[in-house]
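Grab a pencil and open the viewer. Here are a few exercises, each with a worked solution to check yourself against.

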Amino acid sequence: TQKAAIGKLAASLVQPGSCIYLDAGTTTELMIDYLTTKQTVFVTNAVAHARKLSQAGYTTFILGGELKATTEAIIGPEAVESLRKYNFTKGFWGTNAVSLTKGFSTPEPKEALVKKRSMENCRKCYILADASKFNKISNVTFAGFDSADILTTDLTAGVYLEKANVINI
């Protein structure tokens with residue numbers, strides 16, 4: 001699938017000794033299946049991701065805060081507050097929409113805050129987005145288009161293919 005291919009590429013970017021932020025989402029979860037280095041610390045706001053990483057032997061931290069029942073993501077001001085102490089080497093985020101003018105966006109304001117804050121604490125940011133997310137805008141922008149490299153696949157929208165931060169496999 002597109003999401004599995006993106007997850008595999010993202011996992012290949014994780015290096016030993018890194019502190020990685022892993023956002024909630026289906027594509028970020030698929031990434032875990034392809035990880036090869038165990039000398040990595042993960043911080044996540046996803047209950048399922050934390051469980052999977054921990055069971056695979058990774059040092060794993062989960063944010064505190066409000067649990068969003070539909071996605072099992074930890075969101076809200078408490079989650080944002082618990083992000084303050086971390087400095088991430090790399091981070092991987094999902095998005096509901098990608099737009100040149102409105103950047104990366106999601107429907108839920110409390111989820112957007114967690115995404116925004118975690119990206120601010122990260123040296124290198126990656127957005128994992130299949131082709132269906134492009135040229136769309138959701139309710140709340142959490143980062144500008146140029147703030148991350150975008151890992152995608154089967155993208156045909158020419159205007160995005162010309163952008164240096166779009167990695168289309």
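**Exercise 1.** Find the residue that stands opposite I127, and work out which strands are joined there and how they run.

*Solution.* Keep in mind that you're looking at a predicted model. Start at I127: across from it, in β11, is I150. Next, look at the strands themselves. β9 covers residues 122-128 and β11 covers residues 149-152. The two run parallel, with 3 bridges joining them.

**Exercise 2.** Place that pair in its sheet: what is the strand order, and which strands sit at the edges?

*Solution.* Trace the sheet across and you get β3-β2-β1-β6-β9-β11-β12, an open arrangement of 7 strands with parallel pairing. Now check the ends. β3 (59-62) and β12 (166-168) each pair on one side only, which makes them the edge strands. Finally, the turn: neighbouring strands are rotated by 20° against each other on average, direction ignored.

**Exercise 3.** Which strands of this sheet do helices α1 and α3 touch?

*Solution.* Take α1 (residues 2-11) to begin with. Packed on the sheet, α1 touches β6 (88-94), β9, β11 and β12. Its direction makes about 135° with that of β11. Then go to α3 (residues 47-55), which also packs on the sheet, with β1 (19-22), β2 (41-44) and β3 as the strands it touches. The direction of α3 makes about 165° with that of β3.

**Exercise 4.** Now for the sheet of 3 strands: give its order and pairing, and explain why one side of β7 and of β10 has no neighbour in the sheet.

*Solution.* The order is β7-β8-β10, again an open sheet, and the pairing is antiparallel. β7 (97-99) and β10 (140-143) are at the edges with a single partner strand each, so each has one side without a neighbour in the sheet. From one strand to the next, the twist averages 40°. Zoom in on β8 (residues 103-106): 3 bridges link it to β10, antiparallel. T106 is the residue opposite V140 in β10. Last, add helix α5 (residues 109-120), which packs on this sheet and touches β8 and β10, its direction making about 15° with that of β10.

**Exercise 5.** Step back: how does the radius of gyration fit a compact globule, and what share of the residues is buried?

*Solution.* For 169 residues, a compact globule would come out near 15 Å; the protein has 15 Å, so the two agree. Then count burial, using under 20% relative accessible area as the cut-off: buried residues make up 50%. To round off the inventory, the protein has 6 helices and 12 strands.

Conventions: Residues are numbered from 1 along each chain as its sequence is written. This is a predicted model: local features need pLDDT of at least 70, side-chain atom pairs count only at pLDDT 80 or more; totals for chains, interfaces and linings use all residues. Side-chain values use heavy atoms; hydrogens and water are left out. Two strands pair if DSSP finds at least two bridges between them. Helices (H or I, at least four residues) and strands (E, at least two) are DSSP runs, numbered from the N terminus. Axes are lines fitted to C-alpha atoms, for helices over the stretch in contact, and angles run from 0 to 180 degrees between N-to-C directions. Contact means heavy atoms within 4.5 Å. The radius of gyration is taken over C-alpha atoms; the globule rule is 2.2 Å times the number of residues to the power 0.38. Buried means under 20% relative accessible area, exposed over 50%, partly exposed in between (1.4 Å probe, protein chains only).
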